[in-house]
Amino acid sequence: MSTTTEYQVTGMTCGHCEMSVREEVSEIPGAEVVEVSSATGKLVVSGDVDDAAVIAAVTEAGYTATKA
């Protein structure tokens, strides 16, 4: 079952930041749609993904995420 989960990401300031987060999160198996906004700090992931995997991917990209 596909779900949509929102996370709050801190540290993003530009389009490059968004791209880094999007690339890391998109590599998670089950991630179908990844939307990132540096303006709002929001990350929305659709698909069958584990929260810990998303947070770890954001950390790998160099930012901090919490489930919103």
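**Strands, core and salt bridges in a predicted model**

Let me start with one pair of residues: Val33 stands opposite Ser46, which belongs to strand 3. I should say at once that what we are looking at is a predicted model, and I will try to keep my wording to what that model shows.

Val33 itself is found in strand 2, and with a relative accessibility of 38% this residue counts as partly exposed. If we leave aside its neighbours within four places in sequence, Val33 is in contact with Val44, Val45 and Ser46. There is one distance I would add here, which is that the C-alpha atoms of Val33 and Ser2 are separated by 10 Å, although the two residues are 31 residues apart along the chain.

Now let me widen the view from that pair to the strands. Strand 2 and strand 3 pair in the antiparallel sense over 6 bridges, and another of the facing pairs is Ser37 with Lys42, the latter in strand 3. These two strands form a hairpin with 4 residues between them, and Gly41, in the turn, has a positive phi of about 75 degrees. Strand 3 has a further partner in strand 1, for the two run antiparallel and are joined by 6 bridges, with Thr3 having Gly47 of strand 3 as its bridge partner. How many of the residues of strand 3 are buried? The count is 5 of the 6, so strand 3 is largely enclosed by the rest of the structure.

Val45 gives a good idea of those surroundings, since, not counting residues up to four places away in sequence, Val45 touches Thr3, Thr4, Thr5, Tyr7, Val25, Ala31, Val33 and Val54. Val45 is also among the residues with the most contacts inside the largest nonpolar core, a group that includes Val21, Val25, Leu43, Val58 and Tyr63 as well. That core has 19 residues, and the elements giving two or more residues to it are strand 1, at 3–10, helix 1, at 15–26, strand 2, at 31–37, strand 3, at 42–47, and helix 2, at 51–61. Which element gives the most? It is helix 2, with 4 residues.

Let me turn to helix 1, which has 12 residues and reaches 16 Å from its first C-alpha to its last, close to the 16 Å expected at 1.5 Å a residue. Within helix 1, the buried residues are Cys17, Glu18, Ser20, Val21 and Val25. They cover an arc of only 160 degrees around the axis, and therefore they lie on the same side of helix 1. As for what they meet there, the buried residues of helix 1 pack against strand 2, strand 3 and helix 2.

That leaves the charged pairs, and the structure holds 2 salt bridges. In one of them, the side chains of Glu6 and Lys42 meet at 3.7 Å, N to O, and this pair links distant parts of the chain, with Glu6 in strand 1, Lys42 in strand 3, and their positions 36 residues apart in sequence. Are these two buried or exposed? Glu6 is partly exposed, at a relative accessible area of 32%, and Lys42 is likewise partly exposed, at 37%.

In the other salt bridge, Lys67 is joined to Asp51, and the closest N and O atoms are 3.0 Å apart. Lys67 lies in strand 4, residues 64–67, whereas Asp51 lies in helix 2, so the pair ties together parts that are 16 residues apart in sequence. Asp51 is partly exposed, with a relative accessible area of 26%.

I would like to finish with Thr5, which is found in strand 1. Leaving aside its neighbours within four places in sequence, Thr5 is in contact with Leu43, Val44 and Val45, and also with Asp51 and Lys67, the two residues that form the salt bridge I have just described. Thr5 counts as buried because its relative accessible area is 14%, and the cut-off for buried is under 20%.

Key. Residues numbered from 1 in each chain as written. Predicted model: local features only at pLDDT ≥ 70, side-chain atom pairs only at ≥ 80, totals over all residues. Heavy atoms only, no water. Core = buried A, V, L, I, M, F, W, Y, C linked by side-chain atoms within 4.5 Å. Buried < 20%, exposed > 50% of the residue type's maximum accessible area, 1.4 Å probe, protein only. Contact = heavy atoms within 4.5 Å. Expected span 1.5 Å × (residues − 1). Arc of directions from axis to C-beta. Salt bridge = Lys/Arg side-chain N within 4 Å of Asp/Glu carboxyl O. Pairing = 2+ DSSP bridges.
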